[in-house]
Amino acid sequence: MKEQIRLADVEHARRATEEDRLFLFELQRALLLELREMGVLNDRQCQYAEDRLRKQEDLPQKEE
C-alpha cells in the first residue's frame, strides 16, 4: 500500500490578519507574473488569473 502524507500538527497557529492576506495575495500575484515571464501563461491568461485572485480576495480590480 502506498504511504500517504498527512498533516500531523500545526505549530504556532493563529488567525490570519489583513496584513497576512495582502502578503499572500502579493505572493500569488508574483507567481503569476513569473509564470508569464517563463512563457507558461500568456498576457491574457495572467490578467484573467490576477483578476480572479483579486475577486477572491475582495480587492479592487486593477485599473488600466
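Modeller: Helices and strands here are DSSP runs, with at least four residues for a helix and at least two for a strand. The model is predicted.

Colleague: What does the secondary structure of the protein chain come to?

Modeller: Apply that run definition along the chain. The count comes to two helices and zero strands.

Colleague: How do helix 1 and helix 2 run relative to each other: roughly parallel or roughly antiparallel?

Modeller: Helix 1 spans residues 18-38 and helix 2 spans residues 43-56. Their axes come within 9 Å and cross at roughly 170°. Angles over 145 degrees count as roughly antiparallel. The two helices are therefore roughly antiparallel.

Colleague: Which residues in helix 2 does helix 1 meet?

Modeller: Helix 1 contributes F25, Q28, R29, L32, L33 and R36. By class, the contact has six nonpolar, one polar and five charged residues. On the helix 2 side, the partners are D43, C46, A49, E50, L53 and R54.

Colleague: Is the protein chain more spread out than a compact globule, or not, and what is its radius of gyration?

Modeller: The C-alpha atoms fill a box of roughly 45 × 35 × 15 Å along the principal axes. For 64 residues the globule rule gives 11 Å. The chain lies well over that, so it is more spread out than a compact globule. Its radius of gyration is 16 Å.

Colleague: What percentage of the 64 residues is buried?

Modeller: Buried means under 20% relative accessible area. The protein chain exposes about 6400 Å², and carbon and sulfur atoms supply 52% of that area. Buried residues make up 16%.

Technical notes. Residues are numbered from 1 along each chain as its sequence is written. This is a predicted model: local features need pLDDT of at least 70, side-chain atom pairs count only at pLDDT 80 or more; totals for chains, interfaces and linings use all residues. Side-chain values use heavy atoms; hydrogens and water are left out. Axes are lines fitted to C-alpha atoms, for helices over the stretch in contact, and angles run from 0 to 180 degrees between N-to-C directions. Angles under 35 degrees count as roughly parallel, over 145 as roughly antiparallel, 65 to 115 as roughly perpendicular and the rest as oblique. Contact means heavy atoms within 4.5 Å. Ala, Val, Leu, Ile, Met, Phe, Trp, Tyr, Cys and Pro count as nonpolar, Asp, Glu, Lys and Arg as charged, and the others, Gly among them, as polar. The radius of gyration is taken over C-alpha atoms; the globule rule is 2.2 Å times the number of residues to the power 0.38. Buried means under 20% relative accessible area, exposed over 50%, partly exposed in between (1.4 Å probe, protein chains only). Accessible areas come from the Shrake-Rupley method with a 1.4 Å probe; for residues, only the protein chains shown count as cover.
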